[in-house]
Amino acid sequence: MQTEFLIQIKDLKASIDNKEILKGLTLEVKPGEIHAIMGPNGSGKSTLANVLTGREIATVTSGTVTFEGKNLLEMSPEERAREGIFLSFQYPIEIPGVSMVNFMKTAINEQRKHRGLEPLSASEFLRQMREKKELVEIDSALTNRSVNEGFSGGEKKKNEIFQMAMLEPRLALLDETDSGLDIDALRIVANGVNKIRRPDTSVIVITHYQRLLDYIVPDFVHVLYDGRIVKSGGPELALKLEERGYDWIRKEAEVSEETWTTDRK
Amino acid sequence: MDYRPEVISRLTELWEGKDAGVLQGSPDIYNRYRAEAFSEFLRLGIPDRKNEAYKYTNLEKSFGHRYEQYFSPKPDDFREAERFHCEVEDLDVWNMVLLNGFFPRGDEGLAMLPGGIWVGSMKAAARQFPSLVEKHYNKYARNENDGLVPLNTALASDGLFLYAPKNTVYTKPIQIVNLLHSTQDIFTQDRNLVVVEDGAQMSLLVCDHAISPQHYLTNTVTEVYVGCNARFEIIRVQNQHNDSGKITHTFIHQERDSFASSNNITLHGGLVRNATWHRLNGENAETHSYGLFLADKQQHIANFVKVDHAAPNCNSTQLFKGVLDDNASGAFNGRIMVHKDAQKTNAFQSSNSIILSDTARMDTKPQLEIYADDVKCSHGATVGQLDENALFYLRSRGIDAKEAKLMLMFGFAHDVIKNIPIEALRERIDNLVLMRLRGELSRCASCAIQCN
Ligand SMILES: Nc1ncnc2c1ncn2[C@@H]1O[C@H](COP(=O)(O)OP(=O)(O)O)[C@@H](O)[C@H]1O
Ligand SMILES: [Mg+2]
């Protein structure tokens, strides 16, 4: 059966050190859709990103994740990346001694190999580097350094989007890519994402604040609270959260005993 | 049972027959130190783990082996080495091949490189520059409780001599490919002297390369004099095999405003111990001691460093890194001694290791002795695994786990390699390390040095 979804997350539960963090999360994303996930600190947003990319901090205890019809949870992190999943990290890691150039070249060629393509020629690789650097307005000197080493907070975030531009994923997870950015950098990063996106690229934007969503306009907004999606809506939901904070969500969530369902509009 | 009495009795036999044997024709400048050195050796013996400087290094594996020959070269021996042609593509160096530490045609005169640097055997140096040799020979080497230094002084018959007279600047690196080759298991000792006079510059690359599978044990002593305003760099690339033992003692003596750096890259070797002694004897001098080793199987790699700050306003750094797998073991013993008058000293030391298996081990021992009060000293040591977060970051971009680990190890190692001052060399050594990490650098495989 051909699925119309790019990714289908069903009743996902995951724990860290036997503490349940994701408590039955369901989310479906079609090709080309933009979904925003908002929620207070500690609600499990990064944990969801970790589970989807295969980081073994959290253990999946039940539920399924299907990506283009394949069981995502069985794949190694590198296989998921090659299938087209990309995470813009909330806290990008500094890797001294590993050059940006070598890192990107290796990543691109491993992904190309997976698709049965020849490695990029040196000149084509450099051309792409140049082009994508311009797209996110990243300082040329940065890509001559080691991965993220000595980058400012904003530069690290730009570097994430630069990597997204180089790798052209099917599904991009942006984990608080806006945090630590001033308004100019935010605009550059957000516009970068919009320019990189092809019509069928899907994006899950994890954010605290509405402001990023002025630039990357979501089709759906979900509120993640205590490991569950407790509310879903259109872009207007983000505006409401901006206005009223999360308290009313908290109250609603606590009032109700039932499991929240996340019907698609 | 202690293996040493038997080894010492064999060496004593060698000593007693030396005049008609291994030291035949040796110049008096060297001979005059021998008797005292040999009795010093007998007094100190072969170091064991009770010796603080050998606490983590057991020499038995190398010294306990029964070698069939003590190498003291005859002209015939070099024929093999001559055939061994070595070319370094696009690495602009002046290049020569030694055999087991000895200069071929030791009896011929010294050669002069463009720029005016003299090179040749110690025997020839004694004839051609007797007063220079007399001034420097055996003046910087120190026994300090280590019997292997006087053992070398007593019995090493020859070695390499390099001399950069005042203000001679030779910007190309001098590459020495030292072949370890023999048809029998051998013990060999070479004794080297490098004199870089005031205002002169020299850059030396020494590649130890085992080309036959015999057991070797080498005990090398190298003395280096770096005059005022002079600059000296030495990079050693050690690529031997599991049955070879290599002990080096390098004594770098620096005068005012001089610069020196030592970089020991140990890619392979059964037992390797590099002792590097830096003495900052004049003001405003700067010295750097770097080391990188990659060890697996049963290998043991030890680095011993001592930096003596004997004059004010000097800077020193020590940076040593190691990657250990399987049952390999490593040791780092770094000492900083700041003498009473050496005010405004900056001394920095760091040792970092990555352990890849449950059975590999690394021991580090920093020792600081500071007798001046206006001093900045720091030291730090880490022993750990590869960074899981960094590993995940690389994998999340599609790089497979094996390749990602390799990249991280290489990044870790590059931190030492990046201090190599010559770019072409840096790239070569990066490549060598990468090949070694990939397991593509076997004993005789063509390394980046491209010998054939
Ligand atoms: N490495 C970890 N070890 C232990 N607990 C963790 C770890 N990472 C996250 N958690 C816990 O999981 C919960 C969800 O965290 P996280 O997914 O980072 O939330 P968010 O990204 O929404 O702020 C929090 O209670 C947090 O303390
Ligand atoms: Mg988070």
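**Entry 1: cysteines**

I began with Cys314(B), and its sulfur sits 11 Å from the closest cysteine sulfur, that of Cys228(B), which is too far for a bond. The cut-off I use is that a disulfide is a pair of cysteine sulfur atoms within 2.5 Å. Note to self: this is a predicted model, where local features need pLDDT of at least 70, side-chain atom pairs count only at pLDDT 80 or more, and totals for chains, interfaces and linings use all residues. Residues are numbered from 1 along each chain as its sequence is written, chains are lettered from A and ligands numbered from 1 in the order in which they are written, and side-chain values use heavy atoms, with hydrogens and water left out.

Next I tried Cys377(B): the closest cysteine sulfur belongs to Cys314(B), 12 Å off, again too far for a bond. Searching the whole structure, I got zero disulfides over all chains.

Are these two cysteines buried or exposed? Cys314(B) is buried, at a relative accessible area of 0%, while Cys377(B) comes out partly exposed at 26%. For these words, buried is under 20% relative accessible area, exposed is over 50%, and partly exposed is in between (1.4 Å probe, protein chains only).

**Entry 2: the magnesium ion**

Which protein atoms hold the magnesium ion, ligand 2? I found two donors, OG of Ser46(A) and OE1 of Gln90(A), at 2.1 to 2.3 Å from the ion. Donors here are N, O and S atoms within 2.8 Å of the metal (3.2 Å for Na, K and Ca), and water is not among the atoms, so sites may look incomplete.

The two donors are 44 residues apart and link distant parts of chain A: Ser46(A) is in helix H1 (residues 45-53), and Gln90(A) is in the loop between strands E6 (85-88) and E7 (95-99). Helices (H or I, at least four residues) and strands (E, at least two) are DSSP runs, numbered from the N terminus. Ser46(A) is partly exposed at 25% relative accessibility, whereas Gln90(A) is buried at 16%.

**Entry 3: ligand 1**

I then listed what surrounds ligand 1, taking a residue as near if one of its heavy atoms lies within 4 Å. Ser46(A) turns up again, and the list also includes Ile16(A), Lys19(A), Pro40(A), Gly44(A), Lys45(A), Thr47(A) and Ile57(A). By class I count four nonpolar, six polar and two charged residues in this shell. The nonpolar class is Ala, Val, Leu, Ile, Met, Phe, Trp, Tyr, Cys and Pro, the charged one is Asp, Glu, Lys and Arg, and the others, Gly among them, are polar.

H1(A) gives the most to the shell, three residues; strand E2 (19-29) of chain A also supplies at least two.

Then the oxygen atoms of ligand 1. Thr47(A) has a polar side-chain atom 2.6 Å from one, and for Lys19(A) the distance from a polar side-chain atom is 3.5 Å. Lys45(A) comes in through a polar backbone atom, at 2.8 Å. Ligand 1 taken alone exposes 560 Å², and the protein buries 62% of that.

**Entry 4: back to H1(A)**

How many of the nine residues of H1(A) are buried? Eight are, so I call the helix mostly covered. Among them are Lys45(A), Thr47(A), Leu48(A) and Val51(A). Just after the helix comes Gly54(A), with a positive phi near 90°.

Technical notes
A polar contact is a pair of N or O atoms within 3.5 Å; within protein, one must be able to donate a hydrogen and the other to accept it, and residues adjacent in sequence count only if both atoms are side-chain atoms. Accessible areas come from the Shrake-Rupley method with a 1.4 Å probe; for residues, only the protein chains shown count as cover.
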